[in-house]
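Let's take a walk through this protein together, starting with one small detail and then stepping back to see the whole chain.

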Amino acid sequence: MTRLQGGGLPTWLKVLLALLVLALLAVLGAAMYVKSLFGPAGGGTYELEIKPGETPGTIARKLEENRIVKNARVLRYVMDQNGTASKLKEGFYDLNGKMSVNQVADKLAGPARIQVVNVTIPEGRRIKDLPAIFQAAGFNGAQIAAALKDTSLSTYASGKQPDLEGFVFPATYEFRPKDSASTMVKKMVERMDQEFTPANVAKAKAQGLSVRGWVILASMVQAEAANDGEMPVIAGVFLNRLDEGIALGSDPTVAYGLNKDLPELDRSAGDFTKDTPYSTYTRQGLPAGPINNPGNPALMAVLDPKRKMNDGRDALYFLHARDGKIYVNHTYAEHLQDNERHR
């Protein structure tokens, strides 16, 4: 029987065991390294924008470069395994370097954050005022101005006026930075079209107005009223005057026809005797078109006007007094008396 000298292991066995230990350590090290690739990369916060046509590979490399993941190929592998690669959407994703690869893939599989710009169109603004509003919001004002002349976007403006005056709904809109001018204008026109429900159109017809006439009168009410509460009163006066064949005599229509703002009107210069298609002093009936873009309160006031005075007579004249009130009369003589008393 062979005896081991000194009770030790043979040299060859020692070498073999050492190699096995080294191999095991190498395997464990490789496993730990691979596992580490799935962990956080240590970068900071990062806003990823996925653009149209970008591939999962491009996105993964971008995230590796910004230290959101350690290895782009590992992310691609996880994205392929959990189906993220087929769920990528255009938009923005908020990521950070403390997320694991699986968390990043799950985030990318979820909804994208769409970047938007809010644009507010105040009630009563004219078409000519809108390009500057869009320009201030970061859009191309000249392109907006051109799109606002595309009357084909509105059934009620097409062929009847040079632009979309009156048919752009005043509201706050969310637009995407890359939206075209045509897309944005179309959205505003479509919002105005929502006001033209069958029920509302029927109410306008009951007042003797077409949809276009309804909007024209609403734009006048919008321009004349100091507040929403006055609108039904002013609408009632105008409707009664139309029925009676009395000229509407609205100062804002004169200003619009002369391309002036209301404070610029000059009676001594003959502004109120100059004839334009919009002047309701020189012409009977409604002006040639809307004089601004009216909001919902003005539109509804025309459909539900206050035509009668407290004594039951038709309201035919109104006056804004210095005390902030509106005074309504049936006769011109009474109107002149209130004018002297309150102005």
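Before we look at a hairpin, one term is needed: two strands count as paired if DSSP finds at least two bridges between them. Please keep in mind that the model you see is predicted.

With that in hand, find strand E5, residues 317-320, and strand E6, residues 326-329. The two run antiparallel and are joined by four bridges. One of the partnerships to look for is that of tyrosine 317, whose bridge partner in E6 is asparagine 329. Together E5 and E6 form a hairpin, with five residues lying between the strands. In that turn sits glycine 324, which has a positive phi of about 85 degrees.

Now zoom out. The secondary structure of the protein amounts to 13 helices and six strands. How does the radius of gyration of the protein compare with that of a compact globule of 343 residues? The globule would have a value near 20 Å, but the protein has 36 Å. The box that holds the C-alpha atoms, taken along the principal axes, is roughly 140 × 40 × 40 Å.

Next, consider what is inside and what is outside. Of the 343 residues, 41% count as buried. The accessible surface comes to about 18,400 Å², and carbon and sulfur atoms account for 53% of this area. Looking at contacts between residues at least 6 apart in sequence, 59% join residues at least 24 apart.

Finally, turn to the charges. The protein has 41 positive and 37 negative charges, and the mean positions of these two groups are 12 Å apart.

Key. Residues numbered from 1 in each chain as written. Predicted model: local features only at pLDDT ≥ 70, side-chain atom pairs only at ≥ 80, totals over all residues. Heavy atoms only, no water. Rg over C-alpha atoms; globule rule 2.2 N^0.38 Å. Buried < 20%, exposed > 50% of the residue type's maximum accessible area, 1.4 Å probe, protein only. Contact = heavy atoms within 4.5 Å. Areas by Shrake-Rupley, 256 points an atom, 1.4 Å probe, with all protein chains shown as cover. Lys, Arg positive; Asp, Glu negative; His and termini not counted. Charge placed at Lys NZ, Arg CZ, Asp CG, Glu CD.
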